[in-house]
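Let's take a look at how some helices sit against each other, and at where empty space is left inside.

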Amino acid sequence: MFASGLQRRANFAIKGFYASIHSAKGKEVLKERRKEFLAIADPQEFLSAIKKKGSGKNPTPRRNLIHLLRKCTKPSHIGVAARGMQFFQWKGVDFTQNTCAYFISLCANAQKPLLAADMIVSPSNRLGAWLNKKSYTTLLTSLAETNDIETMLKVTNVAISKGLQLQNKENMDLLLSAAAKSDNAEHLATSMQIAQTGLSAEEFAELKEKYSVPASPVSEDDAPTGDSASDASSETMASPAA
């Protein structure tokens, strides 16, 4: 019985030894496959590999998204970046502020800010929750190049609805400038209100003075003349006594 006990322990030790060898080999194989995966340079090929690895119920690691975005080094790659964002959104993977900022920068550099803006304002997309002051300002700067005040306000309202306080003097200057150029009193009033709730009193006063619409001067056609002016004066002076 003693010998058989020793034999069992020996067999167990041998099995453990071989298991550790196989485990070590398995880790090396996985490590090598990961290395080959990350070595894919073309962003479209890399996205295809991501989709293949993440097919069905297979997990899709969030870190692969930032690897994809970093491979999008040309303006022509922006479509691949957008499809990658949509795939990770579909897989239910949460974004990060870093991912959001990187994607917005790619869109701005490719002069395609609406790609990011459309995702942010979509009710089913989670990208807007990961805006920060830097990425928000980058997006407004790019949208301001075409004076797209409507989209700027939509993005801003989404950020506010998510409880994000992203207003600073720089990005509110961009918003108010676009609103003033739009020659739309409602846009300017809305932008003023947004700025007022997010800036200090001193900062808001400075921007309000810069962008407030001056009162329209009375034209010569509208000014009272001759008889009408004297009549108005006479009516005032001849008011009945109490």
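## Helix packing and a cavity

In this predicted model, α2 and α4 run roughly parallel to each other, because their angle falls under the 35 degrees cut-off. That angle is about 15°. As for handedness, the crossing of α2 past α4 is left-handed. On the α2 side, the touching residues are Pro43, Gln44, Leu47, Ile50 and Lys51, and they meet Val80, Arg83, Gly84, Phe87 and Phe88 of α4. Sorted by class, that contact holds six nonpolar, two polar and two charged residues.

Helix α4 also packs with α3, and here the two are roughly antiparallel, since the angle is over 145 degrees. From α3 come Asn64, Leu65, Leu68 and Leu69, while α4 offers Val80, Ala81, Gly84, Met85 and Phe88. This contact has seven nonpolar and two polar residues, with no charged ones.

Here are the two pairs side by side:

| Helix pair | Angle | Axis distance |
|---|---|---|
| α2 (residues 43-53) and α4 (residues 78-90) | about 15° | 10 Å |
| α3 (residues 63-71) and α4 | about 170° | 9 Å |

Now for the empty space. The count gives one cavity of 30 Å³ or more, and the volume of the largest cavity is about 40 Å³. Around the largest cavity sit Tyr136, Thr156, Ala159, Ile160, Leu164, Leu166 and Gln167. Helix α8 (residues 149-161) supplies the largest share of that lining, with three residues. By class, the lining comes out as five nonpolar and two polar residues, and no charged ones.

Notes
Residues are numbered from 1 along each chain as its sequence is written. This is a predicted model: local features need pLDDT of at least 70, side-chain atom pairs count only at pLDDT 80 or more; totals for chains, interfaces and linings use all residues. Side-chain values use heavy atoms; hydrogens and water are left out. Axes are lines fitted to C-alpha atoms, for helices over the stretch in contact, and angles run from 0 to 180 degrees between N-to-C directions. Helices (H or I, at least four residues) and strands (E, at least two) are DSSP runs, numbered from the N terminus. Angles under 35 degrees count as roughly parallel, over 145 as roughly antiparallel, 65 to 115 as roughly perpendicular and the rest as oblique. A crossing is left-handed if the near helix is turned anticlockwise from the far one by less than a right angle, and right-handed if clockwise. Contact means heavy atoms within 4.5 Å. Ala, Val, Leu, Ile, Met, Phe, Trp, Tyr, Cys and Pro count as nonpolar, Asp, Glu, Lys and Arg as charged, and the others, Gly among them, as polar. On a 1 Å grid over the protein atoms alone, a cavity is a set of points where a 1.4 Å probe fits but cannot get out, and a pocket is an open set with protein on both sides within 12 Å along at least five of seven lines; lining residues have an atom within 4 Å of a point. Grid points are joined across faces, edges and corners, and a volume is the space filled by probe spheres set on the points.
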